[in-house]
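Please open the model in your viewer and keep the selection panel at hand. The tour goes from one selection to the next and says what is found at each stop.

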Amino acid sequence: MSDYRSHVLVCNGTGCASSHGVVVVDKLKSELERQNLSNEILVVPTGCHGMCEMGPIVVVYPEGTFYCRVKPDDIPNLVEEHLLKGHPVESLMYKDREGQSIPNYKKIPFYGKQHRVALQNCGYINPADIEEYIARDGYEGLAKALGEMTPQAVIDEVKKSGLRGRGGGGFPTGVKWGFCASSPGPKKYVICNADEGDPGAFMDRSILEGDPHAVIEGMAIGAYAMGADEGYIYCRAEYPLAIRRLRQAISQAEESGLLGENIFNSGFNFAVHVKEGAGAFVCGEETALMASIEGQRGMPRPRPPFPAISGLWAKPSNINNVETWANVPQILHKGGDWYASMGTDKSKGTKVFALTGKVKHTGLVEVPMGIPLREIIYDIGGGILDDPSGAPKEFKAVQIGGPSGGCLTKDHLDVPITYESLPALGAIMGSGGLVVMDEENCMVDIARFFLEFTQRESCGKCTPCREGTKQMLLLLEKICGGHGEMKDIDLLEELGLMVKEMSLCGLGQTAPNPVLTTLRYFRDEYEAHIRDHKCPAGSCQALLSYSIVQNACKKCGLCAKNCPVHCIPGGRAEGYAIITERCIKCGTCFTKCPFGAIAKG
Ligand SMILES: Cc1cc2nc3c(=O)[nH]c(=O)nc-3n(C[C@H](O)[C@H](O)[C@H](O)COP(=O)(O)O)c2cc1C
Ligand code: SF4
Ligand code: SF4
Ligand code: FES
């Protein structure tokens, strides 16, 4: 760092790259060259900062000035003003709710309550350069493990940290490692689950793109502890940048003697391979994933035997999630006690969430375990997104844990998020998807949406999941379509409990969660669809009708002009009315009326 007077970090994660982040890097480099500044200022392409919707993000160090939505055309001015004259460019800074510019990264509310451990290097280092990882204490944990610790001592340190699997189940990582370590046999495998099949989730992708060495180092430490000499990273093919970064990092680590034979002269050998998955949700299930690596169809099998006894190619194997592996190097480097000092009694450390839906700031956030949902949604996410007209909206629910998770309500906003609190409410931590909903989201439709996903992704091996989810989906479609009967509610509940109980793998065992939680907390919405033929959120098309509120109508005629099927006759004198029978429920009149005079119900 010291050779340059300034470092300009430009996010080149998938989000920012898709909004011209790569062009910003090129433009910055050419502009610096033109101004003869290339020897003084270093441009560093980085991974994701989490605030992808504000991308491309550019951070100038040593000041830490945070710029967002930087366009290639902004670069000449930024170089001239900030990097030449030392005047930060206010127009490119992040603005708070009152429109005040916040120049420094650390002062932006989105980052205020975050605590970055798994994401500590994302957005900070160039993931394509192993030297930058090493400069941030990278491979120190591995050096300590190999140089100073027995494999058992490594397992004990991970147990002490209290780290639990971040892929969904939350099983204690050190305990799982202990099972594999004590399993007999000269050949063992470690596996990284980078399938990330949950729609909307991108935690693992961002870690792989932004800090691939953390995952590789974590796997090497685990392999040493468990006696494995080979590892596989199973990553979905839809993540080309993550795969490229991983392959790059593996060859750099090999060239530096940090992977391969006799690492650090310790006699420990470890090789890592990347296996591309075709993107089926069920392939994230551990036994299906291993079948897929072996070249078979990705279908789960009953457990036992557990992978620790008979896993990949029937050898003892240990599988962990990307985020789980990424925490390991720091646990070794800083100690299990350090990690255990964060979070709650039984849920230690931090968790990365993908915050999406109706919040002002969506993105990737890493927070200490035990934080209440309210702080994530309001303090970090900035609260509920306003209506396009600027009218404030109300929080209604949050779906936590992706398609296997559940919907929680405003009564749960202050519950600390832990591995224990969520199942008690019918939800699960899952891999960290958080979808926030407002009053315009219909909870029956949300349940239908998630069940449609799991039903489509069911591998079909066992009947309860294959047939049960199909029947549940038909019932939900019937209710959303306005043809539901009261007895369907009981049937849905009965089927949901049966599918949960009897399915072979986690996909079927958790698929009913969105339905069961919405039935538990929003049963009145199901009843309104069936009894009153109304969708209270105004979202289910079949149950919608539009009408003009006459005393609010200013007779401007905009609705009539824009209606694609011309079903709003009238004029200034007589006023306007919608012919319900001809209305195709497209909602154009509702969005076009400048006076809020169209009622939806
Ligand atoms: C249908 C299904 C999909 C899953 N998808 C993933 C996934 O994408 N990533 C992941 O790490 N774990 C996933 N899991 C959980 C894994 O089977 C396994 O428990 C996890 O990789 C173990 O790692 P951990 O202990 O570090 O969490 C999935 C489970 C099921 C049942
Ligand atoms: S529960 Fe569903 S996904 Fe799992 S094995 Fe059975 S059919 Fe396949
Ligand atoms: S757009 Fe609104 S205000 Fe204008 S005529 Fe239609 S309902 Fe009335
Ligand atoms: S990709 Fe740039 S902030 Fe996420």
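Begin by selecting helix 8 (residues 173-181), where T173, G174, W177, G178 and C180 are buried; buried here means under 20% relative accessible area, with exposed over 50% and partly exposed in between, for a 1.4 Å probe and protein chains only. Helices (H or I, at least four residues) and strands (E, at least two) are DSSP runs, numbered from the N terminus. If you look down the axis of helix 8, its buried residues fall within an arc of 165°, so they line one face of the helix; the arc is that of the directions from the helix axis to the C-beta atoms. Those buried residues pack against helix 7 (151-161), helix 10 (212-226), strand 11 (317-321) and helix 13 (322-334), where contact means heavy atoms within 4.5 Å.

Before going further, note that this is a predicted model, in which local features need pLDDT of at least 70 and side-chain atom pairs count only at pLDDT 80 or more, while totals for chains, interfaces and linings use all residues. Residues are numbered from 1 along each chain as its sequence is written, chains are lettered from A and ligands numbered from 1 in the order in which they are written, and side-chain values use heavy atoms, with hydrogens and water left out.

Next, select helix 9 (residues 203-210), in which 8 of the 8 residues are buried, so it is largely enclosed by the rest of the structure. The buried residues are M203, D204, R205, S206, I207, L208, E209 and G210.

From there, move to S431, in the loop between helix 16 (421-424) and strand 16 (433-438), which counts as buried at 9% relative accessibility. Leaving out residues up to four places away in sequence, S431 touches R166, G167, G168, D198, M203, K351 and V352. S431 and G197 are 234 residues apart in sequence, yet 9.6 Å apart in space, C-alpha to C-alpha.

K351 can now be selected for its own sake, since its charged end sits over the ring of F353, 5.8 Å from the centre; the criterion is NZ of Lys or CZ of Arg within 6 Å of the ring centre and within 35 degrees of the ring normal.

For the aromatic residues, a search of the whole structure finds 17 aromatic pairs, with rings of Phe, Tyr and Trp (its six-membered ring) pairing if their centres lie within 6.5 Å, and with planes under 30 degrees apart counted as stacked, over 60 as edge-to-face and the rest as tilted. Select F66 and Y111, whose ring centres are 5.9 Å apart with the planes at 65°, so the pair is edge-to-face. This pair links distant parts of the chain, with F66 in strand 4 (residues 65-67) and Y111 in helix 4 (residues 109-112), 45 residues apart. F66 is buried, with a relative accessible area of 0%, and Y111 counts as buried at 9%. A second edge-to-face pair is that of Y224 and F268, at 5.6 Å centre to centre and 75° between the planes.

Finally, display the ligands. Which residues are closest to ligand 2? Of the 13 residues that surround ligand 2, the closest are C459, K461, C462, C465 and C505, a residue being near if one of its heavy atoms lies within 4 Å. Around ligand 3 there are also 13 residues, the closest being C553, C556, G557, C559 and C593.
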